[in-house]
Amino acid sequence: MTSPAPRATRRMTLSAARRTALAAQGLAGPRPAGPVTAARYRSTVARLGLLQIDSVNVLARAHLVPVFSRLGPYDTTLLDRASGRAPRRLVEYWAHEASFVPPATYRLLEWRRRRYRDQAWGSISATEATHSAEVQAVREIVAAYGPLTATEVEVHLGSASERPADGWGWRWSVTKRALELLFFTGEITSAGRTASFERRYDLVERVLPPDVLAAPTPTDAECVRGLVEIGARAHGVGTLRCFADYFRLRGPAPRAVLAELVDDGVLEPVTVAGWDRATYVHADAKTPRRAVAQTLLSPFDPLVFERQRLAELFGTHYRIEIYVPADKRVHGYYVLPFLEGESVTARVDLKADRRAGVLRVLSAHRDPGATDQTAAALAQELVVMARWLGLEHVEVERSGDLAPQVAAALVDDRPLSARDGSVLSPGGGSARSPDDLSTLSPRDGGEQE
């Protein structure tokens with residue numbers, strides 16, 4: 001029998017809850033000064049707890065944008081180094097969805113690996129029974145020759161492998177399904193990605209750091225408690241639904257560990273004005289007096305994960321419309337919310353036209369929190385993002401109620417690299433420091449006082 005939720009003794013305004021949530025996510029203050037070092041990159045990812053992976057590359061891959069949102073322009077090879085070289089600081093697994101997580105968190109996801117038959121989707125879990133010989137062959141090939149991509153494993157098998165002739169979505173070959181089964185069960189993992197974003201599969205013992213491999217295997221209860229606490233720390237304030245959704249935890253176990261975390265002083269029950277569900281604040285949470293960040297958020301940013309939470313905190317009803325037919329989309333294909341202070345004030349549909357060197361703003365819409373300064377602030381952030389992506393222009397189409405004002409704020413049509421004499425680097429971004437990039441004025445390209 002579940003014990004009743006502890007009674008809250010502290011009250012928070014909705015504004016205080018927003019600021020607490022933003023501070024926990026590293027989105028309350030201005031971007032830090034100085035270059036983005038490997039240590040700063042790792043600390044930012046540690047604060048978030050995970051980076052959700054998505055292969056859509058219409059702008060930039062989803063797992064790259066959350067660090068940009070918090071730190072500004074950075075060298076994206078920091079992720080490659082963290083996940084593709086020993087000792088690895090990030091590894092892949094099914095966390096929120098497919099995600100990069102610290103190796104210690106990978107161990108906490110052991111409960112999911114133990115339950116692969118009901119946690120993995122059917123086409124993967126069924127492969128064990130329907131193609132057991134191929135699974136064993138794939139296991140032996142990776143052990144002998146890894147790290148290998150799925151294509152390279154198929155070459156070793158001497159066959160392209162059976163592939164469904166039709167059907168919606170991923171049409172994975174038997175080889176790929178076998179690899180994903182072994183990935184889900186924890187026999188193999190990703191040793192990194194190729195330039196074309198293919199996983200390079202290898203044995204877990206050749207990827208995880210030795211100290212993580214040597215640590216005792218956590219029990220299910222330890223796993224769930226650790227994951228709920230990571231979700232709570234990353235959120236700062238929230239409900240059981242918020243904390244559990246961070247790692248897609250289901251069933252009664254999260255509620256049981258929530259009571260333990262309250263008893264141990266890790267979580268404090270609070271009442272948030274306007275919320276009608278039991279709410280908790282993490283012991284490490286801070287509530288700054290103001291939130292001043294101005295940044296674009298990926299559709300897969302942890303602040304955006306849980307749509308009910310986003311609506312309750314920010315009054316923003318957000319929907320990813322990638323899979324919505326084009327003629328039925330309201331805001332666009334790849335839409336990023338714009339965070340301005342403690343409010344989501346706008347949303348923009350963006351596309352990186354790399355061949356033309358242009359960041360295309362396909363639409364720009366106001367959100368309820370928009371102010372007279374929103375268009376100018378958004379224009380400046382678009383310039384910063386364009387330079388990070390190695391693009392020379394920002395072009396705004398006249399779609400959406402905010403588009404004309406954003407276009408007006410981007411009056412200087414010179415290439416971004418020509419506005420101050422700096423040169424764009426071949427890998428994206430500019431040769432200037434991240435601090436210089438973050439102070440570009442959208443109107444004249446110069447630096448602000």
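How many helices and strands are there in the protein chain? With the whole chain on screen, you will find 20 helices and 14 strands. Keep in mind along the way that this is a predicted model.

**Stop 1: the whole chain**

Colour by pLDDT to begin. The mean for the protein chain is 87, and 86% of its residues reach 70 or more. Now select residues 421–449, where the pLDDT is below 50. In the model this stretch still has 73 contacts beyond near neighbours in sequence, but please treat them with that score in mind.

Switch to a surface view next. The accessible surface of the protein chain comes to about 19800 Å², and carbon and sulfur atoms account for 51% of that. Of the 449 residues in the chain, 54% are buried. Among contacts with a separation of 6 or more, 65% are between residues 24 or more positions apart.

**Stop 2: arginine 70**

Select arginine 70, which you will find in helix α3. Is this residue buried or exposed? Its relative accessible area is 4%, so arginine 70 counts as buried.

Show the side chains around it. Leaving aside residues up to four places away in sequence, arginine 70 touches Gln25, Gly26, Leu27, Arg31, Pro32, Thr44, Leu48, Asp301 and Pro302. Two of these deserve a closer look. The arginine 70 side chain reaches the backbone oxygen of glutamine 25 at 2.7 Å, and it meets the side chain of aspartate 301 in a salt bridge, with 2.8 Å from N to O. Helix α3 covers residues 65–71, while aspartate 301 sits in the loop between β10 (294–296) and α17 (307–314), so this pair ties together parts that are 231 residues apart in sequence. Aspartate 301 is buried, as arginine 70 is.

**Stop 3: glutamate 97 and arginine 248**

Move on to another link across the sequence. Glutamate 97 and arginine 248 form a salt bridge whose closest N and O atoms are 2.9 Å apart. Here both partners are in loops: glutamate 97 between β3 (91–94) and β4 (98–101), arginine 248 between α15 (240–245) and α16 (253–263), so parts 151 residues apart in sequence are tied together. Glutamate 97 is partly exposed at 32% relative accessibility, and arginine 248 is partly exposed too, at 24%.

**Stop 4: a pair within one helix**

Select helix α6, residues 110–114. The side chains of glutamate 110 and arginine 113 meet in a salt bridge at 3.1 Å, N to O. Why does this spacing suit a helix? The two residues are three apart in α6, so about one helical turn separates them. With 3.6 residues to each turn of an α-helix, residues three or four places apart point the same way. Both partners are buried, arginine 113 with a relative accessible area of 4% and glutamate 110 with 19%.

Then pick Glu92, Lys176, Glu180, Arg193 and Arg199 together, which are joined into one network by salt bridges that share partners. The structure holds 26 salt bridges in total.

**Stop 5: helix α17**

Finish at α17, residues 307–314. Which residues of α17 are buried? They are Arg309, Leu310, Ala311, Leu313 and Phe314. To see what covers them, show the elements around the helix, including α1 (14–24), α14 (220–235), β7 (237–238), α15, β11 (335–340) and β12 (343–353). Just past the helix, stop at glycine 315, which follows α17 and has a positive phi, near 65°.

Note on methods
Residues are numbered from 1 along each chain as its sequence is written. This is a predicted model: local features need pLDDT of at least 70, side-chain atom pairs count only at pLDDT 80 or more; totals for chains, interfaces and linings use all residues. Side-chain values use heavy atoms; hydrogens and water are left out. pLDDT is the predictor's confidence in each residue, from 0 to 100. Contact means heavy atoms within 4.5 Å. A salt bridge is a side-chain nitrogen of Lys or Arg within 4 Å of a carboxyl oxygen of Asp or Glu. Helices (H or I, at least four residues) and strands (E, at least two) are DSSP runs, numbered from the N terminus. Buried means under 20% relative accessible area, exposed over 50%, partly exposed in between (1.4 Å probe, protein chains only). A polar contact is a pair of N or O atoms within 3.5 Å; within protein, one must be able to donate a hydrogen and the other to accept it, and residues adjacent in sequence count only if both atoms are side-chain atoms. Accessible areas come from the Shrake-Rupley method with a 1.4 Å probe; for residues, only the protein chains shown count as cover.
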